[in-house]
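Me: I'm new to this and would love a close look at one part. Please take it slowly and explain the terms as you go.

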Amino acid sequence: MGSGANPGVLMDTLPLLLTALTQRVESVRIRRRTNMSRYGAILSKFGLGLTVREFATARSRGEVVGHHGFEQAIGALAAGLGWDLDSVDVGEVEPAVVTTSPRVGDHMRIEPGQIAAVTHAARGVLKGDVVIDLEITFGFFEPADEVAAGDDYRIVGEEQVVDLRSSVGFDSFLSTVAAAVNASAAVVEASPGLLSMGDLPARSVAAKGERRTGRASLGATTSQD
């Protein structure tokens, strides 16, 4: 089973659940702005810490690739809605913020004049219209930035528009770990084959914290007996 944050939950399963609030979906728009300051070696594929000129050169050489998983997230979301898309168009990674002051993460320091955030986007097209519009900004954010960490989901339905906004944003680092752990129990009872998070019942991938506590208590009692 394929699982994680992007794709897995935040870019396909969560918006798919939100579509239940409208009878017919016309389009899905997602904007994620995720803080990458805790990450290490993976930052090189986004081009963070490069100057604009260095970024352009690295991208032309195929060294800046951005986010992997747009096609899978869009495909899973489209499948859940019964859409047979004409195409999935993935754009190029683009600089979003060039810092004027040092920014320090757990494994990287970004100096003034270097790129502190990049944007990567993809579109799902159906009958000539963009029906799935995904965009993620990855970076080291500061309060003064025009771009701030957070997540916006918009489901345009036949009878209403559904908006879900988070001013802080879901932590992709923690969310990926949690999604994999919580889904692991569901895999045991799942049908054989390649599955996505959307193929499983919501209850089966819900948080397992209470079950973990129960097992710990049971184990303690057994050992005392």
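Reply: Let's warm up with lysine 127, which is exposed at a relative accessible area of 74% (exposed means over 50%, buried under 20%, partly exposed in between, with a 1.4 Å probe and protein chains only). This is a predicted model, where local features need pLDDT of at least 70, side-chain atom pairs count only at pLDDT 80 or more, and totals for chains, interfaces and linings use all residues. Residues are numbered from 1 along each chain as its sequence is written, and side-chain values use heavy atoms, leaving out hydrogens and water.

Lysine 127 sits in the loop between strands E6 (115–126) and E7 (129–139); helices (H or I, at least four residues) and strands (E, at least two) are DSSP runs, numbered from the N terminus. Its phi is near 55°, a positive value in a residue that isn't glycine.

Now for the close-up: helix H4, residues 172–189. Its 18 residues should span 26 Å at 1.5 Å a residue, and its end C-alpha atoms are indeed 26 Å apart (the expected span is 1.5 Å times one less than the number of residues). Still, H4 has a kink of about 30° centred on alanine 183; the bend is the angle between axes fitted to the seven residues ending there and the seven starting there. Alanine 183 is also buried, as are Ser172, Ala179, Asn182 and Ala186. These buried residues of H4 pack against strand E1 (25–35), where contact means heavy atoms within 4.5 Å. Finally, at the start of H4, a side-chain oxygen of aspartate 171 comes to within 2.8 Å of the backbone nitrogen of phenylalanine 173.

Definitions and conventions:
A polar contact is a pair of N or O atoms within 3.5 Å; within protein, one must be able to donate a hydrogen and the other to accept it, and residues adjacent in sequence count only if both atoms are side-chain atoms.
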